2 protein chains.
Amino acid sequence: MTLADAIHASGKRLTLQRQLVLDAVQRARHHVTAEDIARRVRAKYPRIGPSTVYRNLEALEELGYVTHTHLDDRVTRWHRADSHPHGHLVCRSCGGETEVRPPALEAMARRLRELYRFEPDLAHSAIVGICRRCRDVPSQ
Amino acid sequence: MTLADAIHASGKRLTLQRQLVLDAVQRARHHVTAEDIARRVRAKYPRIGPSTVYRNLEALEELGYVTHTHLDDRVTRWHRADSHPHGHLVCRSCGGETEVRPPALEAMARRLRELYRFEPDLAHSAIVGICRRCRDVPSQ
DNA sequence: GAGCCTATCGCGAAGCGTCGCAATAAGGTG
DNA sequence: CACCTTATTGCGACGCTTCGCGATAGGCTC
Ligand SMILES: [Mn+2]
Ligand SMILES: [Mn+2]
Ligand SMILES: [Zn+2]
Ligand SMILES: [Zn+2]
């Protein structure tokens with residue numbers, strides 16, 4: 001199913017702004033912010049407003065084309081939904097990020113399914129804590 | 001060690017605003033917002049500004065008296081640091097919250113320690129996903 | 001208590017994100 | 001193509017949170 005078909009089937013409309021936002025997310029390497037996306041879109045369509053970017057990210061997320069992740073308490077990060085899944089560990093001491101491989105995520109997800117019949121999205125928010133380096137150097 | 005001692009030892013100062021913020025958090029039942037706290041403080045000290053509340057919550061968190069949690073993407077929730085630890089599952093469909101018991105948290109934490117030597121704080125951010133009720137009713 | 005140093009305060013501004021509103025335009029009908 | 005319905009847009013305002021600044025006041029010394 002093409003983008004146009006999926007959008008029409010959902011009752012949404014295919015606007016230039018929407019296409020440009022999707023393009024920007026798909027071209028991006030990793031985890032871009034809404035402002036990153038807005039900047040890319042403005043290169044081709046300078047009049048776009050911030051709320052249009054946010055609303056289109058939300059619409060494209062509903063359609064399953066993009067997703068967002070929270071790496072820190074501040075800015076939401078966006079990426080294409082078909083990129084390989086992984087979680088994030090963020091150190092509250094040094095700020096360093098580590099990717100969590102899907103098997104570890106799956107093992108944790110299984111436990112939550114068993115105990116709570118809850119289907120978790122463990123990639124949605126980073127897990128904060130203390131990384132190996134900061135843990136090995138407790139002083140300082 | 002009393003509050004005054006802990007504060008002085010850290011080079012911080014014991015202001016009326018700081019005491020009132022701590023009081024408000026300690027009196028609160030569960031997971032209060034900064035605005036909840038500000039409202040309580042204003043009852044005794046109306047001139048307090050929002051940034052003073054935020055800065056004192058941060059200072060009291062450094063001292064180990066309070067902590068914060070993210071239940072949704074919006075508002076940060078605060079509570080006393082000595083309350084019983086637990087995680088949160090939040091359903092992205094119905095918004096319902098479930099508490100995760102410490103044993104389940106500990107089992108997941110152990111895995112992250114083994115695989116990544118990362119000491120996680122699994123209570124810091126809620127885990128989003130689909131709850132048992134919304135999962136059992138896939139239509140609608 | 002007077003005087004000093006500086007942590008903290010209140011305030012205004014700014015950043016991220018959401019919402020309401022009037023204007024625009026996408027998409028369907030004839 | 002003319003016309004209609006309404007999803008979407010740009011804009012301004014607002015909520016939550018952080019930051020910089022000059023004023024205030026906590027804590028120490030004499
Ligand atoms: Mn946080
Ligand atoms: Mn989110
Ligand atoms: Zn670290
Ligand atoms: Zn639910």
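**A tour of two chains and two DNA strands**

Begin by selecting DNA strand C and the residues near it, a surface whose members divide into five nonpolar, ten polar and nine charged. Keep in mind throughout that this is a predicted model.

**Stop 1: DNA strand C**

With strand C still selected, show the 24 residues that surround it, of which the closest are A:Leu14, A:Tyr54, A:Thr76, B:Arg18 and B:Thr52. If you colour the strand by sugar, phosphate and base, you can follow how its atoms within 4 Å of the protein are shared out, since 68% of them belong to sugar or phosphate and the rest to bases.

Now move to individual side chains. Select B:Arg18, where an N or O atom of the side chain is 2.5 Å from a phosphate oxygen of DNA strand C, and then A:Tyr54, which places a polar side-chain atom 2.8 Å from a phosphate oxygen of that strand. Which part of DNA strand C lies 2.8 Å from the side chain of B:Ser51? Select B:Ser51 and you will find that an N or O atom of its side chain is 2.8 Å from a base nitrogen. To see the elements behind this surface, display α4 of chain A together with α2 (16–27) and α4 of chain B, each of which gives two or more residues to it; α4(B) gives the most, with four residues.

**Stop 2: DNA strand D**

Select DNA strand D next, and show the 24 residues around it, the closest being A:Arg18, A:Thr52, B:Arg13, B:Leu14 and B:Tyr54. Among the atoms of strand D that come within 4 Å of the protein, sugar and phosphate account for 69%.

Three residues are worth picking out here. A:Thr52 brings a polar side-chain atom to 2.5 Å from a phosphate oxygen of DNA strand D, whereas A:Arg13 approaches a phosphate oxygen with a backbone N or O atom, at 2.9 Å. On chain B, select B:Thr76, whose backbone N or O atom lies 2.8 Å from a phosphate oxygen of strand D.

The elements that each supply at least two residues to the surface near strand D are α2 (16–27) and α4 (50–62) of chain A, together with α4 (50–62) of chain B, and the largest share, four residues, comes from α4(A). Coloured by class, this surface shows five nonpolar, eleven polar and eight charged residues.

**Stop 3: where chain A meets chain B**

Hide the DNA and select the interface, in which 36 residues of chain B are in contact with 36 residues of chain A. Together the two chains bury about 3100 Å², with 59% of that area on carbon and sulfur atoms. On the chain B side, select B:Tyr116, B:Arg117 and B:Phe118, which lose the most area to chain A and together make up 24% of what that side buries.

Stay with B:Arg117, because its side chain meets that of A:Asp136 in a salt bridge, a Lys or Arg side-chain nitrogen within 4 Å of an Asp or Glu carboxyl oxygen; the distance here is 3.1 Å, N to O. In total there are six salt bridges between chain B and chain A, and 14 residue pairs are in polar contact across the interface. The largest share of the side of chain B that touches chain A, eight residues, comes from α5(B), and that side divides into 18 nonpolar, six polar and twelve charged residues.

Finish by displaying strand β7 (residues 127–130) of chain A, which two bridges join to β6(B) in an antiparallel arrangement, and there select A:Gly129, which stands opposite B:Pro120.

Notes: Residues numbered from 1 in each chain as written. Chains lettered and ligands numbered in written order. Predicted model: local features only at pLDDT ≥ 70, side-chain atom pairs only at ≥ 80, totals over all residues. Heavy atoms only, no water. Near = heavy atom within 4 Å. Polar contact = N/O pair within 3.5 Å; in protein donor to acceptor, adjacent residues only side chain to side chain. Nonpolar A, V, L, I, M, F, W, Y, C, P; charged D, E, K, R; others polar. Contact = heavy atoms within 4.5 Å. Buried area = accessible area lost by both parts, 1.4 Å probe. Pairing = 2+ DSSP bridges.
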